[in-house]
Each structure stands twice: as structure tokens, then as C-alpha cells.
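Hello,

Here is the structure we talked about. Please open it next to this email, and my notes follow below.

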Amino acid sequence: MAAFTVLAHTEMSSNGANITHTGLSSSYDHLLLRWSIRDATNNYYGDAGIYFNSTANGSTYPLSYRTLHLTASSLTSTNQSGGYALFGFKNVGNTATSGVYSNGSCWIPQYSTTGNGRPIILHSACSNAASSSMQSTVMAGYLGNTANAISAVTLFNQSGSQFLSGSWLTVYGVNGAT
């Protein structure tokens, strides 16, 4: 049976551009990130991203991934290669129904492995009670750097705005899951 241990949790008490957790232990098999976010962008939806080990450098931590983006009426797919962050997953913006936050998760198997890259699977969902529109993003990718275990995670607002108070990020260490 899998054992989940909270390594870090932050709930924002004021607006801010990102949530960062550093000093993550490498003594677990896998990492699971869970979040609930809303941003101040003047739109129903904004964009968020994640980068690892406190760096914004594509040559240090190259990521390659495919994004599937679903709305109520369409499905699109894009590829990204050589970037430093998982960019462009949707979150609820400030014109959505008051009090509604988007939810997401990111699974990183073998995050502390240094001999191989790491696969990454992400899902983010946004509902909006004031509109028939919804957004969902699924990303599957590969973190190519093999020299360092993942010891830091930053969830950032890509919309040029800030996450609103009440947004949160929790990082779990997981053992015993296959």
C-alpha cells in the first residue's frame, strides 16, 4: 500500500506570483504535487506553469512534453521541447464565479533518480459555474536532466498576474506505489 507524506504545504494569505517549496527530501520513491489556484487576471481563465530546482534555464533542466487542452467545444494538442518549465496549463481567472478555484496534480515517478530522466504527468481542471465553458489540461513529459534529484518545485503564474489569496500547493513524498 502506498504511503503519502506531506513534505511541504503553503496556502497563500495574500496575493503572490508563485509558490515555491525548496529542500524537498530525496528519500521517497515519487513526488505528487496537488494545488488549488485562482489568479487575478481579468478573464475567466489564466495560465500557470511549474519549474523544478529553482531554475529557469532550459539547458540545465530540459523538459519535453505534449499538452492536450480540452474546452467544452474543442481539443487541441501541442508539443514543447527543450523548455525549462511545464507552461500553459489553465487555472481559474478573476472573472469566473467568486470563490471558484481550479485544481490540479502532477505525478513525478522516481524524482530522486540521478541516472535517468524523469517522466512527468500533469492534470489541471477548471470549472466556471457562471459559464458553460470549462477548461482541462493534461500534460505528459520528460525531465531530461539526470545529474540532480528534484529538490525544489515552483508553481508560477504565467498570465502576468498573481495567484489570489487562498491558492495553495502541497507536495507529497510517496513510497510503495508502483
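In which sense do strand 4 and strand 11 pair, and over how many bridges? The pairing is antiparallel, and 5 bridges hold the register between strand 4 and strand 11. One of the matched pairs is Phe52 with Val153 of strand 11. Please keep in mind that this is a predicted model.

First, the overall picture. The protein has 12 strands and 0 helices. Read from the N terminus, every element is therefore β: β-β-β-β-β-β-β-β-β-β-β-β. Of its 178 residues, 45% count as buried. The exposed area is about 7,800 Å², and carbon and sulfur atoms supply 48% of that. Take the contacts with a separation of 6 or more: 77% of them are between residues 24 or more positions apart.

Next, the open sheet. It is formed by 8 strands, in the order 1-12-3-8-9-10-5-6, with antiparallel pairing. Strand 1 (3-11) and strand 6 (75-83) are the edge strands, and each pairs on one side only. From one strand to the next, the twist averages 15°. Within this order, strand 3 (residues 30-37) and strand 8 (residues 102-109) are joined by 8 bridges and run antiparallel. There, Leu33 has Cys106 of strand 8 as its bridge partner.

Back to strand 11 (residues 153-157). Why call it largely enclosed by the rest of the structure? Because 5 of its 5 residues are buried, that is, under 20% relative accessible area. Val153, Leu155 and Asn157 point one way from strand 11, while Thr154 and Phe156 point the other way. Both sets are buried. Strand 11 also pairs with strand 2 (residues 18-21), antiparallel, through 4 bridges. In that pairing, Thr20 is matched with Thr154. So strand 11 has antiparallel pairings with strand 2 and with strand 4.

Strand 4 also takes part in a salt bridge. The count of salt bridges comes to 1. Lys90 and Asp47 form it, with their closest N and O atoms 2.8 Å apart. The pair links distant parts of the chain: Asp47 sits in strand 4 (residues 45-52) and Lys90 in strand 7 (residues 85-92), 43 residues apart. Is Lys90 buried or exposed? Lys90 counts as buried because its relative accessibility is 18%, and the cut-off is under 20%. Asp47, at 22%, is partly exposed.

Lys90 leads on to Cys126, as the two are in contact. Cys126 lies in strand 9 (residues 118-126). With a relative accessibility of 4%, Cys126 is buried. Beyond its neighbours within four places in sequence, Cys126 touches Tyr45, Lys90, Asn91, Val92, Ser102, Met134 and Gln135. Val92 is 34 residues away along the chain, yet the C-alpha atoms of Cys126 and Val92 are separated by 5.9 Å.

Last, the surface. Which residues make the nonpolar patch of about 320 Å²? They are Leu68, Leu70, Leu75 and Val138. Leu70 belongs to strand 5 (residues 63-71). Its relative accessible area is 35%, so Leu70 is partly exposed. That clears the cut-off for patch residues, which is over 30%.

Best wishes

Notes. Residues numbered from 1 in each chain as written. Predicted model: local features only at pLDDT ≥ 70, side-chain atom pairs only at ≥ 80, totals over all residues. Heavy atoms only, no water. Patch = residues over 30% accessible without salt bridge, like charges linked within 9 Å, V, L, I, M, F, W, Y side chains within 5 Å. Areas by Shrake-Rupley, 256 points an atom, 1.4 Å probe, with all protein chains shown as cover. Salt bridge = Lys/Arg side-chain N within 4 Å of Asp/Glu carboxyl O. Helix = DSSP H or I, 4+ residues; strand = E, 2+ residues; numbered from the N terminus. Buried < 20%, exposed > 50% of the residue type's maximum accessible area, 1.4 Å probe, protein only. Pairing = 2+ DSSP bridges. Axes fitted to C-alpha atoms, helices over the stretch in contact; angles between N-to-C directions. Contact = heavy atoms within 4.5 Å.
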